Amino acid sequence: SSRRRLRPRHCDLSPLGRSPRLAAYEVAAYEVALPYSQLTFRGVMLNGLAAREVGQERLWCKARRLFRSERAKDLELTAEEYEATQGINSLCIDTVEHRYLLSGHVDGSICLFDTQHVENAWAASRDVQGEDPSGRNRTTEYKRRPLVKLERRSQHRATARLNDSAAYAHRFSVTKVEWYPVDTGMFLSSSFDNSINCYDTNTLQVAVGFALQTKVYTIGMSPCATTHSLCAAGCLSPKLHLCDLRTGTCTHQLEGHQGSVWALQWHPSIEWYLVSGGGDGRIWIWDIRRSGTLGILDQLNGVNRGYRATAHDGPVTCLCFTPDGMHLASAGNDSRLRLWDMSTASNTLVNYPNVSNKCNQANQMGFSNCGDHLYHPSGSVVHVYGTYRGFRQKELVAHLARVNCVEVHRESDALYTAGQDAQILVWAPKQSQPHEEDGDGDAWSDDDL
């Protein structure tokens, strides 16, 4: 049969970047049996190698993306678990070293874990009768203790100054924790005690504190900002607050929502763009350099002009950009997931089935590193959806109560989940099994040469 020859063309580098040498998992791809699309993947890989030899890496980048996409979909529960005593509302892994994990708890405490250092973990072996809800027999459980734990601020400490405490977190439930985007020396937290704290990781003191007059639901900083250090805060009031970490003051407010601001997200590549979702079911697009809004997302794409445009029929509980920033995913209390094309600010009308989201608080979802899979907590399970087609590809079952947050590790493709059952579980890509050698195959070694 005739084969279409490769034509020279310009290579569009994938978000994974150009690698001067094969990664370990790419080399192993030739030696293991892939569970899905084996022939297609092998064909793309071989063609990619041939194209790379002559300087055409387009198919090579496609092969890498396909492999990482399969890794991100086939997740399994590991024996690793993080020690926690209270329910967890938020998780965050630093974007610099991809090593340190923050967790914000419902009792007002904050924990900091090291995901790599073995000496800070302790292992306890015990026999487990039967299998856990995930279907995997976990005979050994590995629990990691936190490096640092900021205890809940007591009643008598609540009246002290914000920068006067070195070992206390918040008085009420922590709603969001987040690392400073370009350095692990600072992290931020928000709480229902009307405060936003910016901690120095080395001294564990509050370097900058903001005392707002309303409950804080969520916070966020731009991951690519170079000209400002603003922290956006969604609160019980309908105003979106922008706090400057350099001056320690609230610079200005963005008005437009008619209800509480439950969710917000900065654009991953444009430092001035911000989206916010509120209790009124509307999603606003902001340019913080301008006084007004850039637009409002409409779930009907403007078909009916005689109604008030909304993105969801209930409060917007979560917003998340794809890694390339071209699409935005939104979740609402109406048990709906929607995918928005940010180039046209329109609803893509992708249908995500079996979504369950009835919680009256903000939650946290995430995309895989390649952007092809969406992880969304639905009750006590986490659903894995195809981002652009909406198919439910897998269901991660292990938690005993509602899952509040998920966090994706940007290097290992592992998924961290946590919720009301006070458990932080780790889901890692499945390890492929090597080929079994045939019994009549030739066995030789270097000694025979």
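This passage describes the fold, two antiparallel sheets, a nonpolar core and a buried strand in a predicted model.

The protein chain contains three helices and 30 strands. It has 449 residues, and buried residues make up 50% of them. The chain exposes about 22,000 Å². Carbon and sulfur atoms supply 47% of that exposed area. Contacts often link distant parts of the sequence. Among those between residues at least 6 apart, 51% join residues at least 24 apart.

Confidence varies along the chain. The mean pLDDT is 78, and 72% of the residues reach 70 or more. Over residues 1-41 the pLDDT is below 50. This stretch still has 70 contacts in the model beyond near neighbours in sequence. Residues 119-140 also have a pLDDT below 50, with 40 contacts beyond near neighbours. Where pLDDT is low, predicted coordinates should not be read in detail.

One open sheet is built from four strands in the order β2-β3-β4-β7, with antiparallel pairing. Strands β2 (88-93) and β7 form its edges, and each pairs on one side only. Neighbouring strands of the sheet are turned by 15° against each other on average, direction ignored. Within the sheet, β3 (residues 100-105) and β4 (residues 110-114) pair in the antiparallel sense over five bridges. In one of the pairings, G104 has I110 in β4 as its bridge partner.

H105 lies in strand β3. This residue counts as buried because its relative accessibility is 2%, and the cut-off for burial is under 20%. Leaving aside neighbours within four places in sequence, H105 is in contact with A84, Q86, G87, I88, I110, C111, S173 and V174. I110, the bridge partner of G104, is therefore also a contact of the buried H105.

S173 sits in a loop, between β7 (148-150) and β8 (174-179). Its relative accessibility is 13%, so S173 also counts as buried. Residues up to four places away aside, S173 touches N89, H105, V106, G108, S190, S191 and F192. The contact with H105 links this loop residue to strand β3.

A second open sheet also has four strands. Their order is β12-β13-β14-β15, and the pairing is antiparallel. Here the edge strands are β12 (216-221) and β15 (249-254), each pairing on one side only. The twist averages 25° from one strand to the next. Five bridges join β13 (residues 230-235) to β14 (residues 240-244) in the antiparallel sense. C231 has C243 in β14 as its bridge partner.

The largest nonpolar core holds 15 residues. Those touching the most other members are L188, I196, V216, I219, A233 and L245. Strands β10 (195-200), β11 (206-211), β12 and β13 each give two or more residues to this core. A233 can serve as an example. Not counting residues up to four places away in sequence, A233 touches I196, L212, V216, T218, I219, K239, L240, H241 and L264. I196, V216 and I219 appear both among these contacts and among the core members named above.

Strand β21 (residues 327-332) offers a clear case of burial. Six of its six residues are buried, so the strand is largely enclosed by the rest of the structure. In a regular strand the side chains alternate between the two faces of the sheet. In β21, H327, A329 and A331 point one way. L328, S330 and G332 point the other way, and all are buried.

Strand β21 has partners in both β20 and β22. Strand β20 (residues 316-321) and β21 pair in the antiparallel sense over five bridges. C320 stands opposite A329 in β21. These two strands form a hairpin with five residues between them. In its turn, G325 has a positive phi of about 75°. Six bridges join β21 to β22 (residues 336-341), and these strands also run antiparallel. The bridge partner of G332 in β22 is R336. The hairpin of β21 and β22 has three residues between the strands. There S335 takes a positive phi near 60°.

How values were computed. Residues numbered from 1 in each chain as written. Predicted model: local features only at pLDDT ≥ 70, side-chain atom pairs only at ≥ 80, totals over all residues. Heavy atoms only, no water. Buried < 20%, exposed > 50% of the residue type's maximum accessible area, 1.4 Å probe, protein only. Contact = heavy atoms within 4.5 Å. Pairing = 2+ DSSP bridges. Axes fitted to C-alpha atoms, helices over the stretch in contact; angles between N-to-C directions. Core = buried A, V, L, I, M, F, W, Y, C linked by side-chain atoms within 4.5 Å. pLDDT = per-residue confidence, 0-100. Areas by Shrake-Rupley, 256 points an atom, 1.4 Å probe, with all protein chains shown as cover.
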